[in-house]
Amino acid sequence: MKITLNPDAEVVKMIKEGLAAKDGYCPCRLARTPENKCMCQEFRDQIADPDFEGFCHCMLYYKSKED
């Protein structure tokens, strides 16, 4: 398993700016809850799933199954 940033630098820049503006909470979510603090609970659950491969909700991180 490997977690990497989105290869699209513009997406990464936009999401990081959104995270900074929302004090580390996912810019794609309205609620400022612990579950939405980056790295969000949804993606942490996806990381724990050995069959999941793909992007987090906001497209900042990518989980690949292989190293």
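Four bridges join strand 1 to strand 3, and the two run antiparallel. This is a predicted model, in which local features need pLDDT of at least 70, side-chain atom pairs count only at pLDDT 80 or more, and totals for chains, interfaces and linings use all residues. Residues are numbered from 1 along each chain as its sequence is written, and side-chain values use heavy atoms, with hydrogens and water left out.

**The sheet**

Helices (H or I, at least four residues) and strands (E, at least two) are DSSP runs, numbered from the N terminus. Two strands pair if DSSP finds at least two bridges between them. Here three strands make an open sheet in the order 1-3-2, with antiparallel pairing. Strand 1 and strand 2 are at the edges with a single partner strand each, so one side of each has no neighbour in the sheet. Strands of a sheet pair through backbone hydrogen bonds, either parallel or antiparallel.

Look at individual partners next. Lys 2 has Ser 64 in strand 3 as its bridge partner. Strand 2 and strand 3 are joined by two bridges, again antiparallel. Gly 54 sits opposite Lys 63 of strand 3. The hairpin of strand 2 and strand 3 has five residues between the strands.

**Confidence**

The predictor's confidence in each residue is its pLDDT, from 0 to 100. The protein chain has a mean pLDDT of 95, and 99% of its residues reach 70 or more. Among the elements, strand 1 (residues 2-5) has the lowest mean, 96, and strand 3 (residues 61-64) the highest, 98.

**The core and helix 2**

Buried means under 20% relative accessible area, exposed over 50%, and partly exposed in between (1.4 Å probe, protein chains only). A nonpolar core is a set of buried Ala, Val, Leu, Ile, Met, Phe, Trp, Tyr and Cys residues joined through side-chain atoms within 4.5 Å. The largest one has eleven residues, among them Val 12, Ile 15, Leu 19, Phe 43 and Ile 47. Helix 1 (9-21) and helix 2 (41-48) each supply at least two of its residues. Helix 1 gives the most, three residues.

Which residues of helix 2 are buried? They are Phe 43, Gln 46 and Ile 47. Seen down the helix axis, they fall within an arc of 105 degrees (taken from the directions from the axis to the C-beta atoms), so they line one face of helix 2. These buried residues pack against strand 1, strand 2 (54-55) and strand 3. Contact means heavy atoms within 4.5 Å. Leaving aside neighbours within four places in sequence, the contacts of Phe 43 include Ile 3, Phe 52, Gly 54 and Tyr 61.

**Cysteines**

A disulfide is a pair of cysteine sulfur atoms within 2.5 Å. The structure holds zero disulfides. For Cys 26, the nearest cysteine sulfur is that of Cys 28, 4.1 Å away. Cys 26 is buried, at 4% relative accessibility, whereas Cys 28 is partly exposed, at 38%.

**Backbone details**

A cis peptide bond joins Cys 38 and Met 39, with omega about 0 degrees. Met 39 lies in the loop between helix 1 and helix 2. Two residues other than glycine have a positive phi.

| Residue | Phi | Loop | Relative accessibility |
|---|---|---|---|
| Asp 23 | about 55 degrees | between helix 1 and helix 2 | 52%, exposed |
| Met 59 | near 75 degrees | between strand 2 and strand 3 | 36%, partly exposed |
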